[in-house]
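Colleague: I have a chain open on my screen and want to go through it with you. Can we start with the basics and then look at some side chains?

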Amino acid sequence: MGFFSNSVSEDTTSWIALTDAAQLEDSGILVILKHSTRCIVSKTVLKELNRSLEFANATFLYLDLLQYRSISNHIAEKYGIQHESPQLLVVTNGKVVYSASHSSIDAEVINRILHQ
């Protein structure tokens, strides 16, 4: 057990597990969080998003990078976005309209996009 293992919540109840690349074919708005369960930065970002995001108007997908790295690679190819972790993408009509990683992930900006 690591030093930070209990310091940040891993609550993913507002997110749908992304376990199959077919889930990316949804025609609505997708919010995709690429997350490493071993990374304190990822855990901190997840905690902040859970506290600040308005979980409406989109499908919120959570990708566990340790279990589904191949899906992350598929996302990078499909959308032309270099892999990072943590990373958040907002996809509308098959196009990435927002992409950020690490401390650049901004829940306020995401909420504005989802309410346009």
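Modeller: What follows is a short walk through this predicted model, from the overall fold to single residues.

Colleague: How many helices and strands are there in the chain?

Modeller: The chain has three helices and five strands. Along the sequence they run β-β-α-β-α-β-β-α.

Colleague: And what is the radius of gyration next to that of a compact globule?

Modeller: It is 13 Å, and a compact globule with 116 residues would have a value near 13 Å, so the two agree. Along the principal axes, the C-alpha atoms fill a box of roughly 40 × 30 × 25 Å.

Colleague: What share of the residues is buried?

Modeller: Buried residues account for 38% of the 116. The accessible surface is about 6400 Å², and carbon and sulfur atoms contribute 48% of that.

Colleague: What about contacts between residues at least 24 apart?

Modeller: Taking contacts between residues at least 6 apart in sequence, 66% of them join residues at least 24 apart.

Colleague: Before I read too much into it, what is the average pLDDT?

Modeller: The average is 89, and 91% of the residues score at least 70. Residues 1–9 are another matter, since pLDDT stays under 50 there. The model does give that stretch eleven contacts beyond four places in sequence, but where pLDDT is low, the predicted coordinates should not be read in detail.

Colleague: Noted. Now charges: how many salt bridges does the structure hold?

Modeller: There are three. One of them joins the side chains of Glu-25 and Lys-78, with N to O at 3.1 Å. Glu-25 sits in the loop between β1 (16–17) and β2 (30–35), and Lys-78 in helix α2 (residues 69–79), so this pair ties together parts 53 residues apart in sequence.

Colleague: Is Glu-25 buried or exposed?

Modeller: Glu-25 is exposed, because its relative accessibility is 52% and the cut-off for exposed is over 50%. Lys-78, at 35%, is partly exposed.

Colleague: Where do Arg-51 and Glu-48 lie?

Modeller: Both are in helix α1 (residues 40–52), three residues apart, or about one turn of the helix. They form a salt bridge in which the closest N and O atoms are 2.2 Å apart. Arg-51 is exposed at 62%, while Glu-48 is partly exposed at 33%.

Colleague: Which residue does Arg-112 meet in a salt bridge?

Modeller: Its partner is Glu-108, at 3.3 Å from N to O. These two lie four residues apart in helix α3 (residues 107–114), about one turn of the helix. Glu-108 is exposed at 55%, and Arg-112 is partly exposed at 48%.

Colleague: Switching to rings, how many aromatic pairs are there?

Modeller: The structure holds three. In one of them, the ring centres of Trp-15 and Phe-60 are 5.6 Å apart and the planes are at 85 degrees, so the pair is edge-to-face. Trp-15 is in the segment before β1 and Phe-60 in strand β3 (residues 59–64), so the pair ties together parts 45 residues apart in sequence.

Colleague: Are Trp-15 and Phe-60 buried or exposed?

Modeller: Both Trp-15 and Phe-60 are buried. Together with Phe-55 they form one aromatic cluster.

Colleague: Last one: where is Ser-36, and what is it in contact with?

Modeller: Ser-36 is in the loop between β2 and α1. At 12% relative accessibility it counts as buried. Beyond its neighbours within four places in sequence, Ser-36 contacts Ser-42, Leu-65, Leu-66 and Ser-85.

Conventions:
Residues are numbered from 1 along each chain as its sequence is written. This is a predicted model: local features need pLDDT of at least 70, side-chain atom pairs count only at pLDDT 80 or more; totals for chains, interfaces and linings use all residues. Side-chain values use heavy atoms; hydrogens and water are left out. A salt bridge is a side-chain nitrogen of Lys or Arg within 4 Å of a carboxyl oxygen of Asp or Glu. Buried means under 20% relative accessible area, exposed over 50%, partly exposed in between (1.4 Å probe, protein chains only). Rings of Phe, Tyr and Trp (its six-membered ring) pair if their centres lie within 6.5 Å; planes under 30 degrees apart count as stacked, over 60 as edge-to-face and the rest as tilted. pLDDT is the predictor's confidence in each residue, from 0 to 100. Contact means heavy atoms within 4.5 Å. The radius of gyration is taken over C-alpha atoms; the globule rule is 2.2 Å times the number of residues to the power 0.38. Accessible areas come from the Shrake-Rupley method with a 1.4 Å probe; for residues, only the protein chains shown count as cover.
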